[in-house]
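Reader: I'd like to go through this one by asking why each label was given. Could you show me the structure and then defend the wording?

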Amino acid sequence: MEPRKFFSEELSRLRQDILAMATKVEENLGKALTALKRRDSDLAKEVRANDSQIDAMQLRIEDDTAIVIATQQPVARDLREMVTIFKLTSNIERVGDHATHLARAAKKLSKSGDSPFRAQEHLEKMAETGQKMLRAAISSYMEQDSKAARKAASMDDKIDEEHKELTEKILKVMKKNPELIKSALQVLQTSNQLERLGDHITNICEAVIYMVEGKHEELNE
């Protein structure tokens with residue numbers, strides 16, 4: 001087989017593996033969101049169990065990418081994509097971690113019931129936006145479309161707005177009810193995790209822009 005043809009086939013396979021990993025994470029985030037909505041502790045456990053599969057996918061993709069770099073010695077645009085793959089897998093895995101945290105929060109809420117902070121609606125909106133944002137970011141990679149990557153990254157503003165609104169609401173409740181500080185901090189931690197989820201997807205978008213245009217662009221401002 002000609003070297004260039006072999007490289008193209010390996011690159012195509014790596015792209016499909018990235019898509020499969022991101023799809024798995026998106027599914028896990030969806031299950032965590034459903035667990036939160038339904039107060040379903042069993043579904044929350046399933047999310048946590050799936051996380052190990054995502055970790056294994058990351059390691060396999062990164063090992064395969066390293067082999068391609070070592071054996072095919074790509075240059076220019078192809079090498080940028082190889083470097084980008086490592087950035088994608090790292091950030092997709094972190095999104096998966098945040099989905100697991102949301103599942104843990106759903107499990108706690110299933111035991112304690114709705115909190116005085118009325119946080120669930122905000123957390124749900126953040127997670128829903130995160131799902132859409134991840135799907136759009138990975139689509140921009142598969143399509144090699146930097147404009148689409150920037151559009152996907154702009155969704156992070158919605159997550160930040162929900163996080164800010166929820167934080168302000170919780171701080172007001174804490175001020176009037178100091179006895180709720182412990183539970184308030186737990187809700188804030190979950191909100192912080194979802195805010196970080198948006199940041200990691202933005203990192204994916206930045207990596208796509210670097211891959212396509214060969215320049216570093218800061219989108220997390």
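**Labels and their cut-offs**

Author: Let's start with Asp97, which is partly exposed, its relative accessible area being 26%. This is a predicted model, where local features need pLDDT of at least 70 and side-chain atom pairs count only at pLDDT 80 or more, while totals for chains, interfaces and linings use all residues. Numbering runs from 1 along each chain as its sequence is written, and side-chain values use heavy atoms, with hydrogens and water left out.

Reader: Why is Asp97 called partly exposed?

Author: Buried means under 20% relative accessible area, exposed means over 50%, and partly exposed is in between (1.4 Å probe, protein chains only). Asp97 has 26%, so partly exposed is the label. Asp97 sits in helix H3, and its C-alpha atom is 29 Å from that of Asp78, 19 residues apart along the chain.

Reader: What makes Ile181 partly exposed?

Author: Its relative accessible area is 36%, and that falls between the two cut-offs, so Ile181 is partly exposed. You'll find Ile181 in helix H7. Its C-alpha atom and that of Ile170, 11 residues apart along the chain, are separated by 9.2 Å.

Reader: And Glu2, how do you know which label fits?

Author: Glu2 has a relative accessible area of 59%, which is over 50%, so Glu2 is exposed. Glu2 lies in the segment before H1. Between the C-alpha atoms of Glu2 and Glu93 there are 34 Å, with their positions 91 residues apart along the chain.

Reader: Why does Ala76 count as exposed or buried?

Author: Ala76 comes out at 55% relative accessibility, over the 50% cut-off, so exposed is right. Ala76 belongs to helix H3. There's a backbone point too: Ala76 is not a glycine, yet has a positive phi of about 50°.

Reader: What makes a positive phi worth pointing out?

Author: Most residues other than glycine have a negative phi. Gln144 is another non-glycine with a positive phi, about 55°, and Gln144 is placed in the loop between H4 and H5.

Reader: How do you know how many helices and strands there are?

Author: Helices (H or I, at least four residues) and strands (E, at least two) are DSSP runs, numbered from the N terminus. By that rule the protein chain has seven helices and zero strands, so its pattern reads α-α-α-α-α-α-α along the sequence. The C-alpha atoms fill a box of roughly 70 × 35 × 20 Å along the principal axes.

Reader: What makes something a nonpolar core here?

Author: It's a set of buried Ala, Val, Leu, Ile, Met, Phe, Trp, Tyr and Cys residues joined through side-chain atoms within 4.5 Å. The largest such core has 56 residues, among which Ile85 and Ile92 touch the most other members. Elements giving two or more residues to this core include helix H1 (3-38), helix H3 (76-112) and helix H7 (181-213).

Reader: Which residues does Ile92 touch?

Author: Leaving out residues up to four places away in sequence, Ile92 touches Ile18, Met21, Ala22, Val25, Ile138 and Ile204. Contact means heavy atoms within 4.5 Å. Across the protein chain, 82% of the contacts with a separation of 6 or more join residues 24 or more positions apart. Of the 221 residues, 47% count as buried.

Reader: How do you know what confidence the predictor has in all this?

Author: That's pLDDT, the predictor's confidence in each residue, from 0 to 100. The protein chain averages 91, and 95% of the residues score at least 70. Among the elements, H5 has the highest mean pLDDT (97) and H3 the lowest (89). Where pLDDT is low, the predicted coordinates should not be read in detail.
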